[in-house]
Amino acid sequence: MLWFILSLASAFLTASEAAWLKRYFSDMNAVELSAGPLLMGLPIFLCAIPFVNIPELKDGFWLAFIILIPLNAAGYFMHMKAIHVSPISLTMPLLSFTPVFVIASGYLILGEEPSLPAVAGIIAITIGSYILNLSGSPRRAWLAPIKAAALEPGTRYMIAAALIYSITSVLGKAIIIKSSPGFAVIIFSTVLSVVYITFFSMTGHLKIKKLLKRPLAGAGIGIIFSLGLTAHFFGIALAHAAYMIAIKRLNGLFSVLYGNILLKEENLWFRLAGAATMAIGASVIAVFA
């Protein structure tokens with residue numbers, strides 16, 4: 001059950017990251033908002049380097065790593081762009097589509113075959129994510145998620161992020177299998193942060209000094225980000241990629257609560273109903289996986 005605890009912690013921390021960014025960095029552009037966690041989390045991972053042993057790297061590690069970094073950077077930007085332009089209680093639950101995509105990518109890349117109860121749990125989480133996006137009168141409510149996908153830019157960005165994450169989640173586990181969780185999370189976070197920050201700084205879209213003007217908010221997001229990423233890597237090392245990601249996507253439930261309590265976002269009851277459906281699916285996965 002350790003994998004379940006770590007996955008749930010990752011869900012809570014990633015939802016907290018989105019709420020923190022929305023609360024304290026929403027006045028910045030999407031690039032600056034997305035760079036905040038990477039920039040502020042980088043010193044934490046750099047300080048951890050002396051405490052991690054370098055394992056024997058198995059064949060295929062560097063190939064998977066080289067593919068992983070640009071793909072994850074693209075998915076991460078889409079993820080942060082969605083948070084920037086739309087309510088987190090609307091967009092974050094859409095990441096629940098990731099485990100559905102992971103079933104296919106996990107089977108093709110890692111040869112992982114999910115059990116039937118686990119598939120049922122993943123389907124329940126996906127249905128819950130649809131219910132989360134219902135709104136309006138009962139007659140028109142069922143069309144709301146479709147309209148949101150068409151009209152709300154954040155939904156399109158987040159669905160794109162979910163698709164990319166279905167691949168990067170599996171590639172992330174691949175580099176863990178070919179090294180170790182501690183080594184993988186440090187090298188991944190360090191290289192991703194350096195590449196992401198350097199690229200957008202050179203293109204003129206990112207001003208690092210602007211982020212450094214908020215040291216307390218920055219320190220908070222750095223801690224949340226680093227803890228969430230560490231929980232993710234150690235959690236996915238202990239379970240099927242699809243199972244871990246399914247539980248992690250309960251961050252949609254936490255985001256609904258954050259959105260209503262902290263950010264005063266609407267449609268609480270629809271979104272709580274969807275969150276309950278997602279919780280049932282997660283419970284099925286936890287019991288039978």
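**Aromatic rings and a helix crossing**

One aromatic cluster is formed by Tyr76, Phe77, Tyr196, Phe199 and Phe200. This grouping is read from a predicted model. Searching the whole structure turns up 13 aromatic pairs. Among them is the pair of Phe61 and Trp62, whose rings meet edge-to-face, with 4.9 Å from centre to centre and 85 degrees between the planes. These two partners sit in contrasting surroundings: Phe61 is buried, with a relative accessible area of 1%, whereas Trp62 is partly exposed, at 45%.

Phe61 also takes part in a pair with Phe183. Here the ring centres are 6.0 Å apart and the planes stand at 45 degrees, so this pair counts as tilted; the angle falls between the limits of 30 degrees for stacked and 60 degrees for edge-to-face. Phe61 belongs to helix H3 (residues 61-85) and Phe183 to helix H10 (residues 181-202), so their pairing ties together parts of the chain that are 122 residues apart in sequence. Both Phe61 and Phe183 are buried.

A further feature worth following is the meeting of two other helices. The axes of helix H2 (residues 30-48) and helix H12 (residues 215-236) come within 7 Å and cross at roughly 70 degrees. Angles of 65 to 115 degrees count as roughly perpendicular, and H2 and H12 are therefore roughly perpendicular to each other. On the H2 side, the contact is made by Gly36, Pro37, Leu38, Met40, Gly41, Ile44 and Phe45. H12 contributes Gly218, Ile221, Gly222, Ile223, Phe225, Ser226, Leu229 and Thr230. Sorted by type, the residues of this contact comprise nine nonpolar, six polar and no charged.

Terms used. Residues numbered from 1 in each chain as written. Predicted model: local features only at pLDDT ≥ 70, side-chain atom pairs only at ≥ 80, totals over all residues. Heavy atoms only, no water. Phe/Tyr/Trp six-rings, centres within 6.5 Å; stacked < 30°, edge-to-face > 60°. Buried < 20%, exposed > 50% of the residue type's maximum accessible area, 1.4 Å probe, protein only. Helix = DSSP H or I, 4+ residues; strand = E, 2+ residues; numbered from the N terminus. Axes fitted to C-alpha atoms, helices over the stretch in contact; angles between N-to-C directions. Parallel < 35°, antiparallel > 145°, perpendicular 65-115°, else oblique. Contact = heavy atoms within 4.5 Å. Nonpolar A, V, L, I, M, F, W, Y, C, P; charged D, E, K, R; others polar.
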